[in-house]
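This report looks at side-chain contacts and charged pairs. The sequence and the structure come first.

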Amino acid sequence: MFFRFVTSGEIRKRSEFFEPFILGLTNTSVEQNPGPNPSCYLKTQFCKSAVEPMSEESDHVQIIALSDALGVPIRVVYLDRSSCENNSINVNHHDFIPTSREVGNSDVSKTTNPPSITLLYRPGHYDILYPK
């Protein structure tokens, strides 16, 4: 639950960056929302309905926000069963590298090591994978 609030805080803090993605994920437009700052209302509603509740799945936007908020690279791995006809399953991954953050004394974008946090995407949730 703590990381959900960290993610929500990052989305609200960097609202200009996340707004186009939020608009693409919701069925509402900014103009339909009441209040003096409709854009702020939209992000608040998105965080309350899609980020903070425990029953909601995390999406690309939430993983980017979490990686940026923590300043830690995250790798999401997933199984590709599209080639099941020849009895092979591929493991693919996508790395989320924090924007303009430093880890320790080295720039994260120049790091060649795999991210230190690895999540396995399963429909409905992510599992943390621990190295052997």
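In this predicted model, Ile63 touches Ile74, Val76, Phe96, Leu119 and Tyr126, leaving aside residues up to four places away in sequence. Ile63 also belongs to the largest nonpolar core, which has 17 residues. Within this core, the residues that touch the most other members are Ile11, Phe18, Phe46, Ile63, Ile74, Val76 and Phe96. Two or more core residues are given by each of α1, α2 (15-25), α3, α4 and β1. Helix α4 supplies the largest share, five residues.

The charged side chains come next. The count of salt bridges is six. Three of the pairs are listed here with the distance between their closest N and O atoms.

| Acidic residue | Basic residue | N to O distance |
|---|---|---|
| Glu52 | Arg12 | 3.2 Å |
| Asp95 | Arg75 | 2.6 Å |
| Asp127 | Arg122 | 3.0 Å |

Glu52 forms a salt bridge with Arg12. This pair links distant parts of the chain, 40 residues apart: Glu52 lies in the loop between α3 (38-51) and α4 (60-70), and Arg12 lies in helix α1 (residues 2-13). Is Glu52 buried or exposed? Glu52 is buried, because its relative accessible area of 15% falls under the 20% limit. Arg12, with a relative accessible area of 35%, is partly exposed.

The salt bridge of Asp95 with Arg75 also links distant parts of the chain, in this case 20 residues apart. Asp95 is in strand β2 (residues 90-96), while Arg75 is in strand β1 (residues 74-80). Here the basic partner, Arg75, is buried, with a relative accessible area of 18%. Asp95 counts as partly exposed at 28% relative accessibility.

In the third pair of the table, the side chains of Asp127 and Arg122 meet in a salt bridge. Asp127 is partly exposed, its relative accessible area being 25%. Arg122 counts as partly exposed too, at 41% relative accessibility.

Salt bridges can also join into a network. Which residues are linked in a network of salt bridges? They are Glu10, Lys13, Arg14 and Asp68.

Helix α1 thus appears under both topics: the helix gives two or more residues to the largest nonpolar core, and Arg12 in this helix pairs with Glu52. Strand β1 does likewise, as a contributor of two or more core residues and as the location of Arg75.

Terms used: Residues are numbered from 1 along each chain as its sequence is written. This is a predicted model: local features need pLDDT of at least 70, side-chain atom pairs count only at pLDDT 80 or more; totals for chains, interfaces and linings use all residues. Side-chain values use heavy atoms; hydrogens and water are left out. A salt bridge is a side-chain nitrogen of Lys or Arg within 4 Å of a carboxyl oxygen of Asp or Glu. Helices (H or I, at least four residues) and strands (E, at least two) are DSSP runs, numbered from the N terminus. Buried means under 20% relative accessible area, exposed over 50%, partly exposed in between (1.4 Å probe, protein chains only). A nonpolar core is a set of buried Ala, Val, Leu, Ile, Met, Phe, Trp, Tyr and Cys residues joined through side-chain atoms within 4.5 Å. Contact means heavy atoms within 4.5 Å.
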